[in-house]
Amino acid sequence: MHVRKLILAATVALPATLAAGQSLAIPVTFSSDGSFSGVSACSATAPACTVSNNGNTLTLGTSSFLGFPVQPYSTLTAVDQGAVTIQTPQNDYQIGQINWTNNPTSNADQNFSANYNLALNFTAPALQSLVQTVVLNILQPTNPPGDSVTNLLISAASPLNASFGGLTISDIRISLLAGSGGSTYNAATGAWFNPESNTARLRITADFRETAVPEPASLAILGMGLVGLGMTRLRRGAKDRTDAAA
């Protein structure tokens, strides 16, 4: 009798179990904060190699007249994204952007380093902050041919690849936006080239999905296995009773 009840319970619970295995879209609310910091190995005169605008702007080089800096400057600008709410799933959703205005400048350091930081701050599906820091190397050879930023890579082990609150963030990518002139970006090496007198833009994207749950087919197999196990025990019990009666 106990085995029959077990089989009945498994049969009744199976549809609910399968329904629970279905992934449902979840709302995601977050903002992004890009910034620069940690400038090092720079000998150019300020404002070259300096960070301003609450960390959003890194001045790469300037020109000067009678010892005073003259605009236009060459700059890297981290573009913040205000709070947005999206529904999963999302593929290649933009989480950050860097703009590079490269002007011919005389007061520029040939080679220096700086940190690019990207923070994602979530309020849904849970309170969570994720931060990635990349150490950039800025190369500014004598004009022409243009300048380069290297090591602009986000690896598979990035803190931005994370799971929390039923949400999984993955497949972080960096790509060159249309309208970037003769600029190029190599996703394999993280090298970004920008010719003189050109403005280029990179976008950083990610996939947002529900955290993986057992597939309905797998759950069905599990349920049938439980029912089969119960049937086997039921048959064995009946056989044992028949043998005992004989």
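**Exercise 1. Confidence.** Find how far this predicted model can be trusted along the chain, using pLDDT (the predictor's confidence in each residue, from 0 to 100).

*Solution.* Start with the whole chain: the average pLDDT is 85, and 77% of the residues score at least 70. Next, look at residues 17-21, where the pLDDT is below 50. Beyond near neighbours in sequence, that stretch has 8 contacts in the model, a contact being heavy atoms within 4.5 Å. Keep some ground rules in mind: residues are numbered from 1 along each chain as its sequence is written, and side-chain values use heavy atoms, without hydrogens and water. In this predicted model, local features need pLDDT of at least 70 and side-chain atom pairs count only at pLDDT 80 or more, while totals for chains, interfaces and linings use all residues.

**Exercise 2. The sheet.** In what order do the 7 strands of the open sheet stand, and which strands are at its edges?

*Solution.* Two conventions first. Strands (E, at least two residues) are DSSP runs, numbered from the N terminus. Two of them pair if DSSP finds at least two bridges between them.

1. Take β1 (residues 27-40) and β5 (residues 81-87): they pair in the antiparallel sense over 5 bridges. Ser 32 stands opposite Gln 81 in β5, and Phe 30 faces Val 84 across the same pairing of strands.
2. Now turn to β8, which pairs with β1 in the antiparallel sense over 10 bridges. Here Gly 34 stands opposite Leu 118.
3. Follow the strands onward and the order reads β5-β1-β8-β9-β10-β14-β13, with antiparallel pairing.
4. β5 and β13 (184-186) are at the edges; each has a single partner strand, so one side of each is left without a neighbour in the sheet.
5. From one strand to the next the twist averages 25°, with axes fitted to C-alpha atoms and angles running from 0 to 180 degrees between N-to-C directions.

**Exercise 3. The core.** Which residues have the most contacts inside the largest nonpolar core, and which strand gives the most to it?

*Solution.* A nonpolar core is a set of buried Ala, Val, Leu, Ile, Met, Phe, Trp, Tyr and Cys residues joined through side-chain atoms within 4.5 Å. Buried means under 20% relative accessible area, exposed over 50%, and partly exposed in between (1.4 Å probe, protein chains only).

1. The largest such core has 42 residues.
2. Those with the most contacts inside it are Leu 76, Ile 95, Phe 122, Ile 169, Trp 192 and Phe 208.
3. Strand β8 (residues 111-124) gives the most, with 6 residues.
4. Zoom in on Phe 208: leaving out residues up to four places away in sequence, the residues touched by Phe 208 include Val 28, Phe 30, Ile 95, Phe 122 and Ile 169.

**Exercise 4. Backbone exceptions.** Locate the cis peptide bonds before Pro 72 and Pro 125, then the positive phi values of Asn 151 and Asp 171.

*Solution.* Most residues other than glycine have a negative phi, and most peptide bonds are trans.

1. Gln 71 and Pro 72 are joined by a cis bond with omega about 10°; Pro 72 is in strand β4 (residues 68-79).
2. Ala 124 and Pro 125 are also joined in cis, with omega about 10°, and Pro 125 lies in the loop between β8 and β9 (128-139).
3. Asn 151 has phi near 70° and is found in the loop between β10 (146-150) and β11 (162-164).
4. Asp 171 has phi of about 55° and belongs to strand β12 (residues 167-176).

Conventions: Helices (H or I, at least four residues) and strands (E, at least two) are DSSP runs, numbered from the N terminus.
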